[in-house]
Amino acid sequence: MIDFDDKIAVAVSGGKDSVSLLHILAKIERKHPKAELVAITVDEGIKGYRDEALKIAAENCRKLGIEHRVVSFKELFGYTFDQMTKRLKRKGGNRLTPCAYCGVLRRKALNVVAREIKADKLATAHTLDDETQTILLNIFHGDVLRIAKEKPVTDEVHPKLVRKIKPFCEIPEREAALYAMVKDIRFQSEPCPYASEALRNDARMMLNRLEEKHPGMKFAIFNSIKRIRPALEEMAKKEELKECSECGEPTTDNICRTCQMRKQIE
Ligand SMILES: [Zn+2]
């Protein structure tokens, strides 16, 4: 995933997975003088929640001596997430969950900053649990070609898209948490007040129940997908990346998902 001279941007939300990843990457980076590590935190503008996480992320970066960048929805998209959800609520008739909006905007924000600082890779702390849940969700939504795109190391598909890596993709969530606890690392444990992904919760419970009865299930699902992914990628190849007619960011549509959402919000 990582080359010896990579500049790595790491997304740090302040939760257990991302602070553990930050500490582990910092440890690896110290042994590679040509490598560089920068932490990025997205401030969505969620009152009473993000403020504490920001402090925790900053504190961890300071202790490790890592440069810390903060980017906010407000400065990038004109509204805080609290303001966006209020506006969307007023309009009504939205079939997307707050998490769906936030996810798209956060990914965009991370890419913008990673590109600005000229990072070679953007690391996120998605765990084995996140990955297997997402695989099931894509199947539940009938969106199987997405599985091809969301792989542990993305290819260089467009000069404006920083390559993404998921170093924890084969690490169970509980082990990431254990690392933080054993190492006595401070993290935010409070859940996001908007967390409302009903289907993801069902997938999580289903997977956890399976794993408990039949240990190794999550790895089996992850590895099965790894094997069939090349075939899915072949199918997905037809979708060419263009540039959004509104903002110029890479997209498969004429207008990117961020701009589509922004129009809905406005
Ligand atoms: Zn756009």
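Is D184 buried or exposed? With a relative accessibility of 71%, D184 counts as exposed. Keep in mind that everything here comes from a predicted model.

## Two odd backbone angles

D184 sits in the loop between α8 and α9. Its phi is positive, about 55°, even though D184 is not a glycine. K118 is another non-glycine residue with a positive phi, in this case about 60°. You'll find K118 in the loop between α5 (98-116) and β4 (121-123). K118 has a relative accessible area of 66%, so it goes down as exposed.

## Salt bridges

Side chains of opposite charge can pair when their charged atoms come close. Searching the whole structure turns up 20 salt bridges. Here are three of them, with the N to O distances.

| Side chains | N to O distance |
|---|---|
| K16 and E173 | 3.8 Å |
| K63 and E59 | 3.8 Å |
| E150 and R146 | 3.2 Å |

Start with K16 and E173, whose side chains meet in a salt bridge at 3.8 Å. This pair ties together distant parts of the chain: K16 belongs to helix α1 and E173 to helix α8 (residues 173-182), with their positions 157 residues apart in the numbering. K16 comes out as partly exposed because its relative accessibility is 23%. E173 is also listed as partly exposed, at 23%. For that label, the relative accessible area has to fall between the 20% and 50% cut-offs.

K63 and E59 make a local pair. Both are in helix α2 (residues 50-64), and because they are 4 residues apart, about one helical turn separates them. K63 has a relative accessibility of 65%, so K63 is exposed.

Then there's E150 with R146, a salt bridge at 3.2 Å. E150 has 26% relative accessibility and is therefore partly exposed. R146 is partly exposed as well, with a relative accessible area of 26%.

Salt bridges also link D3, D6 and K121 into a network. Within it, the side chains of D6 and K121 make a polar contact at 2.7 Å. D6 lies in the segment before β1 (7-11). How much of D6 is accessible? Its relative accessible area is 5%, so D6 is buried. That figure is under the 20% cut-off for the buried label.

## Patches on the surface

Which residues gather in a patch of positive charge on the surface? They are K27, R30, K31 and K183. R30 is placed in helix α1, which covers residues 16-30. K16, from the salt bridge with E173, is in helix α1 too. R30 counts as exposed because its relative accessibility is 54%.

The surface has a nonpolar patch as well, made up of I139, F140, V144, L199 and M206. Together these residues have about 390 Å² of accessible area. Two helices, α6 (128-140) and α9 (198-213), each contribute at least two residues to the nonpolar patch. One of the patch residues, I139, is found in helix α6. I139 has a relative accessible area of 44%, so I139 is partly exposed.

## Distances along the chain and in space

Two more pairs are worth a look if you like comparing sequence separation with C-alpha distance. I171 and L128 are 43 residues apart in sequence, and their C-alpha atoms are 5.2 Å apart in space. I171 is in the loop between β5 (163-165) and α8. Its relative accessibility is 28%, which means I171 counts as partly exposed.

The other pair is T258 and G103. They are 155 residues apart along the chain, and 10.0 Å separates their C-alpha atoms. T258 is part of helix α11 (residues 257-265). Is T258 buried or exposed? Its relative accessibility is 6%, so T258 counts as buried.

Conventions. Residues are numbered from 1 along each chain as its sequence is written. This is a predicted model: local features need pLDDT of at least 70, side-chain atom pairs count only at pLDDT 80 or more; totals for chains, interfaces and linings use all residues. Side-chain values use heavy atoms; hydrogens and water are left out. Patches are made of residues with over 30% relative accessible area and no salt bridge: like charges are joined within 9 Å, nonpolar side chains (Val, Leu, Ile, Met, Phe, Trp, Tyr) within 5 Å. Accessible areas come from the Shrake-Rupley method with a 1.4 Å probe; for residues, only the protein chains shown count as cover. A salt bridge is a side-chain nitrogen of Lys or Arg within 4 Å of a carboxyl oxygen of Asp or Glu. Lys and Arg count as positive and Asp and Glu as negative; His and the chain ends are not counted. The place of a charge is taken as NZ of Lys, CZ of Arg, CG of Asp or CD of Glu. Buried means under 20% relative accessible area, exposed over 50%, partly exposed in between (1.4 Å probe, protein chains only). A polar contact is a pair of N or O atoms within 3.5 Å; within protein, one must be able to donate a hydrogen and the other to accept it, and residues adjacent in sequence count only if both atoms are side-chain atoms.
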